[in-house]
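Subject: A structure for you to look at

Dear colleague,

I am handing over a structure that I would like you to open and turn around on your screen while you read this message. Please keep the sequence beside it, so that you can find each residue as it comes up.

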Amino acid sequence: QNGSLDREEWNVAVGGDYYIDSLRTIGFLYDFVIDNDNNFETHSEYDVTSSTNPNLSRIVIDNLFDHKDLEHTFTLDYNQKLDSLGSSLSGSLNYFFNNYKVPFKQNYQEIYDVGNDLLERNEQNTDDKKNLYGIKLDWNKVYKKSNLKIGVKYAYNTNTDTFNYYDNSNDELIFDNELSNKFNYDENNTAFYSSYRYNFKKSTLMLGTRFEYKEFEFDNNENIKVSNNFFNFIPTLYYKANSIYFYFTQRLNYPSYYNYNPNIVKINDTEFSRGNPELQPIKTYIAQFGYTFKKKYSLTFQYGYTGTHIYNLKSNFTDGSSISMLTNGGYR
């Protein structure tokens with residue numbers, strides 16, 4: 001087995017800050033990234049000894065693909081000091097674009113001692129585009145013994161993933177509609193969060209809340225259209241008295257958007273995978289208790305429970321093929 005690769009990476013970042021006065025600042029940052037694997041060629045040869053097919057002597061596989069990844073990131077932010085205690089107001093606008101392309105060619109050849117050799121060719125093209133728009137506003141009010149923070153965030157995410165598969169027959173490319181797919185995904189995500197911290201004598205109490213609403217819809221080349229939404233309330237509690245503290249919170253992890261894609265994807269001749277349109281986010285509840293002794297030794301106990309665990313469900317068929325799909329189930 002041998003191969004060759006032309007590796008290329010470019011990164012340009014431009015940023016600046018403008019101080020309106022001693023209390024207000026405007027800043028921006030633009031980041032540009034190119035990450036390419038050009039002319040990535042691999043050549044593999046396998047000598048074969050087979051009792052089921054004794055005439056098969058060698059398998060030769062040639063792969064050629066390019067990996068092209070392009071990213072643009074732009075951020076504009078505003079910061080303002082409100083008083084001498086440290087109160088502040090801040091906001092930001094964000095934009096992110098990513099284009100990921102992978103053209104791929106493969107020649108698969110079986111060489112026989114007796115009989116005709118087998119030559120199969122295919123080409124694949126992956127083209128994924130992502131656009132993310134975001135806005136965020138935070139207000140932080142500091143008092144002598146307490147602190148109040150309030151924030152709101154909105155993000156819009158749109159993705160278009162295209163995968164085209166072609167079989168080469170007599171030097172002619174034939175589009176395979178069964179193995180090709182297109183996936184369009186749009187998402188709106190709105191979050192409101194707040195926290196309040198109060199210090200008294202040798203104790204500290206902090207209460208936090210986060211309300212999050214997420215809705216998304218998608219469709220694919222089979223005209224399967226799905227829309228879904230999630231509303232979640234995430235609490236946080238922290239209390240410390242002298243050397244003892246208690247902490248409780250909930251973590252929420254959403255699956256990646258492509259895990260919802262119901263299109264069947266070919267991994268090899270016998271293995272396939274697909275997304276699950278009904279996949280739910282992972283909710284984990286965490287409780288933690290800690291104790292510090294003589295400011296040198298600490299003991300921590302933590303318990304976490306996940307009731308919507310995600311695992312990979314694999315189904316096997318009588319012809320030797322299998323298909324895998326992420327599924328909610330069980331607990332951790």
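What follows is a description of what was found, taken one topic at a time.

Before anything else, please bear in mind that this is a predicted model.

**The nonpolar patch**

A good place to begin is the surface, where a group of residues forms a nonpolar patch with about 1,300 Å² of accessible area together. Its members are Ile244, Phe246, Tyr285, Phe289, Tyr291, Phe293, Tyr297, Leu299, Phe301, Tyr303, Tyr305 and Tyr331. If you colour the strands, you will see that β11 (244-253), β14 (282-293) and β15 (297-306) each supply at least two residues of this patch, and that β15 gives the most to it, with five residues. Tyr303 is a useful example to click on, since it is found in strand β15 and is partly exposed, with a relative accessible area of 49%. That value falls short of the cut-off for the exposed class, which is over 50%, and this is why Tyr303 is called partly exposed.

**The largest pocket**

Next, please look for the largest pocket, which holds about 1,100 Å³ of space. In general terms, rolling a probe the size of a water molecule over the atoms shows where empty space is left. The lining of the largest pocket is made up of 37 residues, and those that lie nearest its centre are Gln124, Phe163, Val265, Lys266 and Ile267. Two or more lining residues come from each of the elements β4 (88-112), β5 (118-142), β6 (146-169), β12 (265-266) and β17 (322-328). When the lining residues are sorted by character, 13 are nonpolar, 16 are polar and eight are charged.

**Salt bridges**

The structure holds eleven salt bridges, and I will take you through some of them. In one, Asp21 pairs with Arg24, and the closest N and O atoms are 2.8 Å apart. Asp21 counts as partly exposed at 31% relative accessibility, and Arg24 likewise counts as partly exposed at 31%.

Another salt bridge joins the side chains of Lys141 and Asp83, at 3.2 Å from N to O. Lys141 lies in strand β5, whereas Asp83 lies in the loop between β3 (56-81) and β4, so the pair ties together parts that are 58 residues apart in sequence. Lys141 is partly exposed, with a relative accessible area of 24%, and Asp83 counts as partly exposed at 27%.

A further pair is Lys129 and Asp127, whose side chains meet in a salt bridge at 3.1 Å, again from N to O. Here Lys129 is partly exposed at 35% relative accessibility, and Asp127 is partly exposed at 23%. Finally under this heading, Arg7, Glu9, Asp35 and Asp37 are linked in a network of salt bridges.

**Two backbone angles**

Which residues should you look at for their phi angles? Most residues other than glycine have a negative phi. Against that background, Asn39 has a positive phi of about 50° although it is not a glycine. You will find Asn39 in strand β2 (residues 24-47), where it counts as partly exposed at 40% relative accessibility. Lys201 also has a positive phi of about 50° without being a glycine. Lys201 is found in the loop between β8 (181-200) and β9 (203-220), and it is exposed, with a relative accessible area of 91%.

**Distances along the chain and in space**

To close, here are two pairs of residues for which you can compare the sequence with the structure. Ser4, which lies in strand β1 (residues 2-19) and counts as partly exposed at 37% relative accessibility, is 34 residues away from Asn38 in sequence, and their C-alpha atoms are 9.5 Å apart in space. How far apart are the C-alpha atoms of Lys202 and Thr73, which are 129 residues apart along the chain? They are separated by 45 Å. Lys202 has its place in the loop between β8 and β9, and it is exposed, with a relative accessible area of 66%.

With best wishes

Notes: Residues numbered from 1 in each chain as written. Predicted model: local features only at pLDDT ≥ 70, side-chain atom pairs only at ≥ 80, totals over all residues. Heavy atoms only, no water. Patch = residues over 30% accessible without salt bridge, like charges linked within 9 Å, V, L, I, M, F, W, Y side chains within 5 Å. Areas by Shrake-Rupley, 256 points an atom, 1.4 Å probe, with all protein chains shown as cover. Salt bridge = Lys/Arg side-chain N within 4 Å of Asp/Glu carboxyl O. Helix = DSSP H or I, 4+ residues; strand = E, 2+ residues; numbered from the N terminus. Buried < 20%, exposed > 50% of the residue type's maximum accessible area, 1.4 Å probe, protein only. 1 Å grid on protein atoms, 1.4 Å probe; cavity = no way out; pocket = protein on both sides within 12 Å on 5 of 7 lines; lining within 4 Å. Points joined across faces, edges and corners; volume = space filled by probe spheres on them. Nonpolar A, V, L, I, M, F, W, Y, C, P; charged D, E, K, R; others polar.
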